[in-house]
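Welcome! Here are a few short exercises to work through at your own pace, each followed by a solution in steps. Have a look at the structure before you begin.

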2 protein chains.
Amino acid sequence: MDRTVFFISDGTGITAETFGQSILTQFPGQFRAMRRPFIDSLAKAQQVLHEINQCTAHEGKRPVVFMTLVNDNVRSVFESPDCKGRVMDMFHAFVAPLEDEFGVKSNHRVGRFSDPAKSARYHDRIEAINFSLAHDDGQSARNLEQADVILVGVSRSGKTPTSLYLAMQHGIKAANYPLIPEDFDRKVLPKPLLPWREKCFGLSIDPQRLSQIRHERRPGSNYASLIGCHQEVEAAEAMMRREGITWLSSTHKSIEEIATTILSQIRPDRLLF
Amino acid sequence: MDRTVFFISDGTGITAETFGQSILTQFPGQFRAMRRPFIDSLAKAQQVLHEINQCTAHEGKRPVVFMTLVNDNVRSVFESPDCKGRVMDMFHAFVAPLEDEFGVKSNHRVGRFSDPAKSARYHDRIEAINFSLAHDDGQSARNLEQADVILVGVSRSGKTPTSLYLAMQHGIKAANYPLIPEDFDRKVLPKPLLPWREKCFGLSIDPQRLSQIRHERRPGSNYASLIGCHQEVEAAEAMMRREGITWLSSTHKSIEEIATTILSQIRPDRLLF
């Protein structure tokens with residue numbers, strides 16, 4: 001059941017793709033993705049139409065076309081009988097009922113992003129990325145009072161990618177700080193964290209998985225040994241329990257899932273608009 | 001026309017949110033976002049239903065409910081007449097026509113992410129994040145042969161967030177390397193880049209905007225002066241032109257838009273599935 005799938009948008013196509021992918025995971029089979037972002041003129045639309053029709057002729061199966069186009073002229077190219085793909089018009093299905101609900105016409109604005117140079121939210125995201133980078137892996141204890149959250153956990157438990165994701169997608173200033181064997185010997189949190197215990201959120205991980213990840217980085221090292229990983233994870237969890245730090249296991253979670261969980265705990269009010 | 005908007009999902013809700021946001025930007029007004037991820041049981045669904053109905057009673061206006069729920073039982077809670085919100089069932093609208101098109105039933109699988117510990121694509125994303133971090137701001141010239149792209153440009157032209165976005169969202173190993181006044185005096189690319197000229201992609205920026213950004217970091221500095229920014233940008237563009245490096249202006253673009261443009265140039269074939 002292999003199919004080619006087009007994602008057509010007048011903007012980046014991220015919406016078309018995110019949504020289209022989610023729908024397609026509901027089906028078995030291999031899908032070949034063709035991204036066609038920034039389709040904002042009739043000429044570009046005609047070009048993509050040609051590709052779609054060639055695909056149909058060549059594969060003997062209609063490609064699926066997910067589109068988020070707000071310009072009526074551009075969209076009409078794919079709505080015409082000349083288009084031999086199976087078109088899923090993502091906006092059309094929802095914009096009309098909402099015009100009804102709100103009692104206003106939609107503005108047909110292209111793209112989900114306003115001019116970043118003028119957007120406060122965008123500015124916050126970039127600031128958060130800079131903050132998270134500067135506070136990666138305990139690099140700096142300065143300005144920790146500005147952190148929205150401080151992720152703690154043993155080395156390679158997923159702190160860095162999660163911090164960056166929280167910053168990039170949600171504008172959250174996420175620092176991260178490693179818990180290392182010396183901390184476990186002292187049985188006390190790293191000193192810079194002591195004033196900010198309430199902002200800490202822990203990541204733990206299955207020792208077997210941790211050992212596997214560490215072996216990829218330093219094969220055969222003591223650092224990667226299963227017994228060492230066991231001890232570190234156990235000590236880290238004991239410390240977090242003692243300090244009253246909430247944690248989750250990153251073992252079977254994507255950074256998106258970890259971030260969503262953290263966000264719902266630390267900023268249930270966090271708005272997006 | 002202010003409204004409360006619920007995003008309900010059995011997974012992270014990223015799809016519901018990305019899509020719902022795109023739709024809502026088509027309308028004027030303020031929207032208050034309520035995220036309700038991981039709604040995977042009847043009990044949790046009932047709880048959210050209660051919130052929705054309270055909202056309707058309290059605000060005198062129906063909240064809009066974007067939902068991506070694949071479990072039929074959970075979904076039915078919001079489809080019943082008991083639900084006083086205006087429900088936009090995002091999967092329903094597209095899954096049924098695709099079942100038809102493909103001639104198979106959908107599998108009702110929850111969430112867009114497979115177990116990350118077992119997914120090659122997820123592994124690549126994490127590797128790419130590590131690579132991009134290690135090669136941020138010209139920190140390391142090692143393993144540049146592994147880079148999918150090397151972003152070049154003057155300080156604060158947007159290289160770092162773009163590199164991290166490319167890595168995180170697309171699994172692209174994106175290094176970045178600054179072009180600095182010393183390079184312009186020598187009129188030659190930084191030495192570590194010379195073997196990899198073809199992998200370089202430039203970011204430029206309007207000098208006025210650059211000066212503004214740099215003033216935020218180092219107010220009143222020479223580094224931030226408009227005249228200095230003018231000279232650097234001009235010299236950088238001259239260098240990129242001379243070296244045959246494609247570039248774009250990041251001034252009015254979000255990292256998503258920059259990344260999409262770069263991706264379509266360097267990896268038009270990049271697949272997502």
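**Exercise 1.** What rotation, and what shift along its axis, superposes chain B on chain A?

*Solution.* Keep in mind that this is a predicted model. Start with the rotation: turning chain B by 180° lays it on chain A, with an RMSD of 0.0 Å. Next, take the shift along the axis, which is 0.0 Å. The two copies are therefore related as by a two-fold rotation axis. To place that axis, look for Phe19(B): in chain B, its C-alpha is the nearest to the axis, at 3.3 Å. Finally, compare the surfaces: both copies use the same one, as 100% of the contact residues of chain B recur in chain A.

**Exercise 2.** Find how many residues each chain gives to the contact, and how much area is buried there.

*Solution.* Begin with the residues: chain B contributes 85 and chain A contributes 85. Then turn to the area, where about 8,100 Å² is buried between chain B and chain A. Of this area, 65% comes from carbon and sulfur atoms.

**Exercise 3.** Which residue of chain B forms a salt bridge with Arg62(A), and how many salt bridges cross the interface?

*Solution.* Take the residue first: the partner of Arg62(A) is Glu101(B), with 2.4 Å between the closest N and O atoms. Glu101(B) also meets Arg3(A) in a salt bridge, at 2.9 Å from N to O. This second pair runs between chains, from strand 1 (residues 3-9) of chain A, which holds Arg3(A), to helix 4 (residues 92-102) of chain B, which holds Glu101(B). Now count: eight salt bridges are found across the interface of chain B and chain A, while the count over all chains is 30.

**Exercise 4.** Describe the polar contacts and the make-up of the side of chain B that touches chain A.

*Solution.* First, 19 residue pairs are in polar contact between chain B and chain A, both residues being at pLDDT 80 or more. Second, helix 1 (residues 14-24) of chain B supplies the largest share of this side of chain B, with nine residues. Third, sort the residues of this side by kind: 41 are nonpolar, 21 polar and 23 charged.

How values were computed: Residues numbered from 1 in each chain as written. Chains lettered and ligands numbered in written order. Predicted model: local features only at pLDDT ≥ 70, side-chain atom pairs only at ≥ 80, totals over all residues. Heavy atoms only, no water. Least-squares fit on C-alpha atoms with pLDDT ≥ 70 in both. Contact = heavy atoms within 4.5 Å. Buried area = accessible area lost by both parts, 1.4 Å probe. Salt bridge = Lys/Arg side-chain N within 4 Å of Asp/Glu carboxyl O. Polar contact = N/O pair within 3.5 Å; in protein donor to acceptor, adjacent residues only side chain to side chain. Helix = DSSP H or I, 4+ residues; strand = E, 2+ residues; numbered from the N terminus. Nonpolar A, V, L, I, M, F, W, Y, C, P; charged D, E, K, R; others polar.
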